[in-house]
Amino acid sequence: MTGHDTGETVVSLKGIRKSFSGNEILKGVDLEVRKGEVLSILGPSGSGKTTLLRCVNALERPDAGIVRVDGTTIDFSGKVPNKQILELRRKTAMVFQNYNLFKNKTVLDNVTQGLTVVRGVAKNEARERALKALSSVGMDGYEDRYPVQLSGGQQQRVSIARALAIRPDVILLDEPTSALDPELVSDVNDVITKVAGTGVTMILVTHEIRFARNVASRVVFVEQGNIIEEGTPEQVIDNPQSPRIKEFLSKMMAK
Amino acid sequence: MELDYDFMVTDFPTVLAGLPKTLILTFWSTLFALLIALIFGCVILSNAPAFKQLVVALNTFIKGVPLAVQLLFCYYAVPFVAKWLGSIGIYDFNPRHIPYFPAAVVAIACNFGAYITDVVVSSVKAVDRGQIESAQSVGMTGLQTALHVIVPQAVVISLPSMTNYFIWLLKGTSLASLINVTEMLITAQISAADGYQYLEAYIDAALIYWVVCAAIEFGSERLFKRVGFFLKPARA
Amino acid sequence: MPSDLLTGVLPRILQYLPATLLYWIVPSVLALFLGTLLCVVRVGRHNILYWLCTVFISFFRGTPGIVQIYLVFFGLPKVFYLFGLDIDDWDPGVFFIIATALNLSCFICETLRGGYLGVDRGQIETGLSIGYNRVQNFIHVIAPQTLKVAVLNLKNLEIDVLKDTSVAYTIGAVEILGSAKAIISAQYGTGQLWILGLVAIIYFVLCSLIEVGFTLASHRMERYERRYA
């Protein structure tokens, strides 16, 4: 278990509802994440865990509910001005399952884009921060390469560097290793563990139960649009209350 | 075969002198066609209710009418338009110099603009959705996303189709010869009129068109290799 | 608007509709054969025949259609003259059909070739692995997949052929546009825009019919596929 819980709430979701084509995916979810925590969201496919994560940076807009990141609060029941959405997104960073690095930019540019274009950071400072971030994920020397020249694992590490360089209030990771060849997974997991150790607040959606158990400071289990259990990894993964969770975990761990 | 080979050689420079005029016509037509395509493309991509349908209907109609008909239409329309522009003071209308060149540009630009609109729309749609979400997650506004991510990638994606249409457009300028516009084909015809050596003149013209089109195709392939390398799909 | 636009002009123009359709169908059929032959050469070994065809195709794709029409119109008689044949009194429409057929065959060749090369390697290997010999594999796996991709492009090619018939009048082969031009010059330029507008609508209707026809045909082909899926 990692993470330095300092008590202050950084992310707060209240009453989040979301439907897709008539199917209610999230049924009024409440969630709080404290500063320095590494929260892992587990659950079967279709449970809504990815949708929940994407509500934090408004890539999915909830039908109802309140999302707060640091000082920015958005109530999705009414009309939400774009300015607020942008404010929200500027406090978060996301690592995608498919890395989604900008194909037309070098590795260095990929990391500095968020700083120079979005946050108006000066070019040399942005470059310095970017190089530091790349170094911390083990990608020194790759600054001038293009994503198409890198392996999946390397691209994902650049993606993490991009998130780090921004210094967000929270980093959101959406199944970061699901699209990787098995031999590349452990490298990326090591980087995530290292980042978690530095006290960055993270919310991690993943299928990898063992990894979640090792890196998370808190775990929630989502099923059919509701959080049905929450607690430390020991509590939820080793000794879950719900029998369905037990069943799910034994299936996943049997691999 | 009974060909006046001497004439073919001596007439060649004369026909070649018509090439710049063809290229100028191509340039202006391409410019306006791109302008039309960008405007129409944005309308279609924005999904604006009535405008999108209007634009799509207009394009469908234009694509179903031969360029020759469009050229002739503009040819007969231009005296009226020029006279009207003269009456409101924008244009100095001289009945002895009717502006057929702009008429040709309008016809060709509208025709190809309709086709290129489709290229614009499909290129933008071909940009991976993940790239856009990535930009959003980093906090870019819509405009920033368009400028830094969508437009650069869409332009490269569109290159093969665009050069294809460019070559078609260049070949299409030869139809402007039907409405008295100076370009290479009509230059060839005029040079042959005296001695009735049409075949020789047409062979010269055909060779020049062939070389120019082949050169453009070759050049664009090289360009695409250099600029488009980043488009290969990422390995999982 | 000329008072007799619909009653007088339209019927006169439509008299030449069969000519337009003739100049559309005959080259299409001829080009289908020739284009397939060219394609067979173009996907085969890189021998002399291959390079000859490549040059031939490059020429027809790199020169404007109207120039090709003129070349055939003025050049073919000279070629025949070499063999002692005088074809000067052939109907100009024949030259137009020949020029169009040669042109179209090159595009059909490249379309088929693109479809053929695009057939997934895995499909071919599957066919071989269940015991098809090369001919059967071609008939059951390669050809259907090639045609599926080719039909879309074929639709656009056929629409272009129809629109290009409008240029036949330049060598004296009268069809819809040719007859419209004749009417316009007979009327000393009154109502030209109306007549041309009418002609535009006629072509648009014809092109739309082709589009619908091909779309229906390809849906039928797909339905056949789904039943076997």
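In this structure, helix α9 of chain B passes helix α4 of chain C in a left-handed crossing. I begin with that helix pair, and I should say at once that the model is a predicted one.

The contact between the two helices draws on B:Y198, B:L199, B:Y202, B:I203, B:A205, B:A206 and B:Y209 from α9(B). From α4(C), the residues taking part are C:V67, C:Y70, C:L71, C:F74, C:G75 and C:K78. Sorted by class, the contact of α9(B) with α4(C) comprises 11 nonpolar residues, one polar residue and one charged residue.

Two packed helices are described by the angle between their axes and by the distance between those axes. Here α9(B) spans residues 198-227 and α4(C) spans residues 65-82; their axes come within 9 Å and cross at roughly 135 degrees. Because of that angle, α9(B) is oblique to α4(C).

Let me widen the view to the whole interface of chains B and C. Chain C contributes 28 residues to the contact, and chain B contributes 26 residues. On the chain C side, α3 (48-62), α4 and α9 (192-228) each supply at least two residues. Which of the elements gives the largest share of the side of chain C that touches chain B? That element is α4(C), with 10 residues. By class, the side of chain C that touches chain B divides into 19 nonpolar, seven polar and two charged residues.

I turn next to chain B itself. Chain B has nine helices and zero strands, so that its elements, read from the N terminus on, run α-α-α-α-α-α-α-α-α. Taken along the principal axes, the C-alpha atoms of chain B fill a box of roughly 70 × 50 × 30 Å.

The domain assignment of chain B gives domain 1 as 1-18 + 183-228 and domain 2 as 24-161. The centres of these two domains of chain B, taken over C-alpha atoms, are separated by 29 Å. Their contact takes five residues from domain 1 of chain B and four residues from domain 2 of chain B. The domain 1 side of that contact in chain B holds two nonpolar, two polar and one charged residues.

Chain B also meets chain A. That contact takes 24 residues from chain A and 22 residues from chain B. On the chain A side, α2, β6 (92-95), α3 (107-119) and α5 (152-166) each supply at least two residues. The largest share of the side of chain A that touches chain B comes from α3(A), with four residues. The classes on this side of chain A are 12 nonpolar, nine polar and three charged residues.

Now to the interior organisation of chain A. Its domain assignment gives domain 1 as 1-91 + 170-255 and domain 2 as 99-167. Between the centres of domain 1 and domain 2 of chain A, taken over C-alpha atoms, there are 24 Å. In chain A, 11 residues of domain 1 are in contact with 12 residues of domain 2. Of the domain 1 side, the largest share, five residues, comes from helix α6 (residues 182-197) of chain A. That side of domain 1 of chain A has eight nonpolar, no polar and three charged residues.

I close with the sheet. In what order do the four strands of the open sheet in chain A lie? The order is β2-β1-β4-β5, with antiparallel pairing. The edge strands are β2 (23-34) and β5 (72-75) of chain A, each of which pairs on one side only. With direction ignored, neighbouring strands of this sheet are turned by 10 degrees against each other on average.

At one edge, strand β4 (residues 64-69) of chain A and β5(A) run antiparallel and are joined by four bridges. A:V69 stands opposite A:T72 in β5(A).

Two helices of chain A lie across strands of this sheet. Helix α1 (residues 49-56) of chain A lies across β1 (9-20), β2 and β4 of chain A, and runs at about 125 degrees to β1(A). Helix α2 (residues 82-89) of chain A lies across β4 and β5 of chain A, at about 135 degrees to β5(A). The helix α2 of chain A also returns us to the interface, being one of the elements that supply at least two residues of the side of chain A that touches chain B.

Conventions. Residues are numbered from 1 along each chain as its sequence is written. Chains are lettered from A and ligands numbered from 1 in the order in which they are written. This is a predicted model: local features need pLDDT of at least 70, side-chain atom pairs count only at pLDDT 80 or more; totals for chains, interfaces and linings use all residues. Axes are lines fitted to C-alpha atoms, for helices over the stretch in contact, and angles run from 0 to 180 degrees between N-to-C directions. Angles under 35 degrees count as roughly parallel, over 145 as roughly antiparallel, 65 to 115 as roughly perpendicular and the rest as oblique. A crossing is left-handed if the near helix is turned anticlockwise from the far one by less than a right angle, and right-handed if clockwise. Two residues are in contact if their C-beta atoms, placed from the backbone, lie within 7 Å. Ala, Val, Leu, Ile, Met, Phe, Trp, Tyr, Cys and Pro count as nonpolar, Asp, Glu, Lys and Arg as charged, and the others, Gly among them, as polar. Two strands pair if DSSP finds at least two bridges between them. Domain bounds come from an automatic or database domain assignment.
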